Amino acid sequence: MAEPSSKTSWADDVEEEAAAAESMAKPADTVEEPTADDDATGLVQNEHDVNVTLADMQGDADNPLYSIKSFQELGLNEDLQKGLILMRYSRPSKIQERALPLLLNDPPTNLIGQSQSGTGKTAAFVLAMLSRVDLSLNAPQALCLAPSRELARQILAVVDNMGSFMKIKTQFAVPLAVERGKTIDAHIVVGTPGTVLDCIKRRVLVAKDIRMICLDEADNMLDQQGLGDQCFRVKAMVPKNVQVLLFSATFPPKVVEYADKFAPNANKLTLKQEELTVDGIKQLYMDCEGEEEKYQIILKLYELMVIGQSIIFVRQRRNADELRGRMVADGHAVSSLHGAFEGTERDKVIDDFRFGRTKVLITTNVIARGIDVASVSLVVNYDLPTLADGYTPDFETYLHRIGRTGRFGRVGASVSFVHDKNSWEQMDAIQRHFNCRMSRIDTSDWIQAAKQIRKILKSDKSAASSSEQFMGVGSGN
Ligand SMILES: Nc1ncnc2c1ncn2[C@@H]1O[C@H](COP(=O)(O)OP(=O)(O)OP(=O)(O)O)[C@@H](O)[C@H]1O
């Protein structure tokens, strides 16, 4: 495996997980890893302030949510169909409609699935996992790996909800979540790679019946030194004929090699670079005089606007702590979340936000990917995302960050702050990379600026991407 690239603070947060798992006490009875030569949480969320006209979008052939088939036609069993009714999913999105037949076909074939943020990739792989497990066998059969505790927890909730009418047993596998001295007999295990690897090595998780392994945010995991290595080690410890699923909104060229190695001969559902952005997310920017003015502008934004829920992304943990401290001192009710928080503390912060008890969340890249809170209508890039050098723009993270709004056809806006030569260059590069244009919000006239943002957030229908289409469906394309 080639040297993975170094990433931003997101990497710090997830690598902590890896380190924590490694440091868990190892009883003598551990499983030897093959060498390289061997080949309920019941989360629900509030949806206030969100308008969506799904029927129109699902009938529009150019929309990522478009579908021509029903879930029944996709051959899902009755219990799963009941689960979908419970979750109020009436029609599959394009990625669900395309991926499910490929995933459920026999003999099982690997799949690399790409689709824009918020278009329902989770349901696609969760339905596949739930369809493949044999409930009469009380042993782990499907593993789902995600890069953060929050995302693993969210996926687990989807498995539990969708599987409500099945006698499915699930297990959360993140640091300290697996009870000491117990062997995992759950059918589906969802966790972070370090903990899952540790469970297998300690024989807490017996991997011989694993038939499916799914990586969510696969590009991010395979691209990172610690996580990528752990994912490959987990895969080396499950049966060789396992069906591998890789899902993400982004698969940058530098990761394609790892993806092909991890999921050989896969069917591929991919997007072109210019199809990656969701048009329902209006991308804006604000021109700030300097670092201090960024703060004055964020205050103004929250004073003048009534925003459903919003996420403010900053570069590092200390920036999150500082910004939160200042905003709280200035009378704003904001919370913050980053990798230095303890597990249960992290759960509380994210749950408070998910249930609408808090409205503004300041965070690092730790929740840039996958987190699904429907009523987030604004994402602020207080600091634009960069690679570890602090200068090169991190295109994928930008896309995932803004994708925390505009979920499944909803309308949302992102505002990026630019304040110096570097941030201007980064913004330019992002626009060129995605062939998109960010609109300027004039902060010298706040009445106008507030009107402009309000108009965007109030529009009741997104113009979801018109150029979206899947390419290269077929083995090994
Ligand atoms: N067929 C459907 N009908 C209605 N809602 C759906 C359907 N499929 C998914 N959703 C909802 O759409 C939202 C986004 O789905 P999901 O989180 O799976 O997106 P994603 O593609 O994985 O996004 P990301 O790239 O950000 O991880 C969720 O709230 C989910 O419940």
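Between domain 1 and domain 2, 13 residue pairs are in polar contact, both partners at pLDDT 80 or more. The structure is a predicted model. The domain assignment splits the chain into domain 1 (50–59 + 70–275) and domain 2 (281–460). This briefing starts with the contact between the two domains, then turns to annotated spans and single residues.

**The side of domain 1 that touches domain 2**

- Three helices each supply at least two residues to this side: helix 2 (54–58), helix 6 (149–162) and helix 8 (218–222).
- Helix 6 gives the most, with five residues.
- By class, this side of domain 1 has 14 polar residues, seven nonpolar residues and six charged residues.

**Extent of the domain contact**

- The C-alpha centres of domain 1 and domain 2 lie 28 Å apart.
- In residue terms, 27 residues of domain 1 are in contact with 29 residues of domain 2.
- The two domains bury about 2400 Å² between them. Carbon and sulfur atoms account for 51% of that area.
- Glu150, Arg153 and Gln154 supply 23% of the area that domain 1 buries against domain 2. No other three residues supply more.

**Salt bridges**

- The count for the whole model comes to 22 salt bridges.
- Between domain 1 and domain 2 the count is six salt bridges.
- Arg346 forms a salt bridge with Glu150, and the closest N and O atoms are 2.8 Å apart.
- That pair links distant parts of the chain. Arg346 sits in helix 13 (residues 343–354) and Glu150 in helix 6, with their positions 196 residues apart.
- Glu150 thus appears twice in this briefing: it is a salt-bridge partner of Arg346, and it is one of the three residues that supply 23% of the area domain 1 buries against domain 2.
- Arg369 forms a salt bridge with Asp219, and here the closest N and O atoms are 2.9 Å apart.

**Spans annotated in UniProt**

- The UniProt record, an unreviewed entry, lists residues 69–97 as "short sequence motif: Q motif". In the model, the end C-alpha atoms of residues 69–97 lie 7 Å apart. The span is 45% helix and 0% strand.
- The unreviewed UniProt entry lists residues 102–269 as "domain: Helicase ATP-binding". The end C-alpha atoms of residues 102–269 lie 10 Å apart. Helix makes up 39% of the span and strand 18%.
- The annotation "domain: Helicase C-terminal", again from an unreviewed UniProt entry, covers residues 280–451. The end C-alpha atoms of residues 280–451 lie 18 Å apart. The span is 39% helix and 21% strand.

**Phe395 and its surroundings**

- Phe395 is placed in helix 14 (residues 395–402).
- Leaving out residues up to four places away in sequence, Phe395 touches Ala429, Ile430, His433 and Phe434.
- Phe395 and Gln426 are 31 residues apart along the chain, and their C-alpha atoms are separated by 9.3 Å.

**Backbone points to check on screen**

- The peptide bond from Asp106 to Pro107 is cis, with omega near -5°.
- Pro107 lies in the loop between helix 4 (94–104) and strand 1 (111–114).
- Arg203 is a residue other than glycine with a positive phi, near 60°.
- Arg203 also lies in a loop, between helix 7 (193–201) and strand 5 (212–216).

Note on methods. Residues numbered from 1 in each chain as written. Predicted model: local features only at pLDDT ≥ 70, side-chain atom pairs only at ≥ 80, totals over all residues. Heavy atoms only, no water. Domains from an automatic or database assignment. Contact = heavy atoms within 4.5 Å. Buried area = accessible area lost by both parts, 1.4 Å probe. Salt bridge = Lys/Arg side-chain N within 4 Å of Asp/Glu carboxyl O. Polar contact = N/O pair within 3.5 Å; in protein donor to acceptor, adjacent residues only side chain to side chain. Helix = DSSP H or I, 4+ residues; strand = E, 2+ residues; numbered from the N terminus. Nonpolar A, V, L, I, M, F, W, Y, C, P; charged D, E, K, R; others polar. UniProt positions renumbered as here; feature names shortened; annotations may be inferred.
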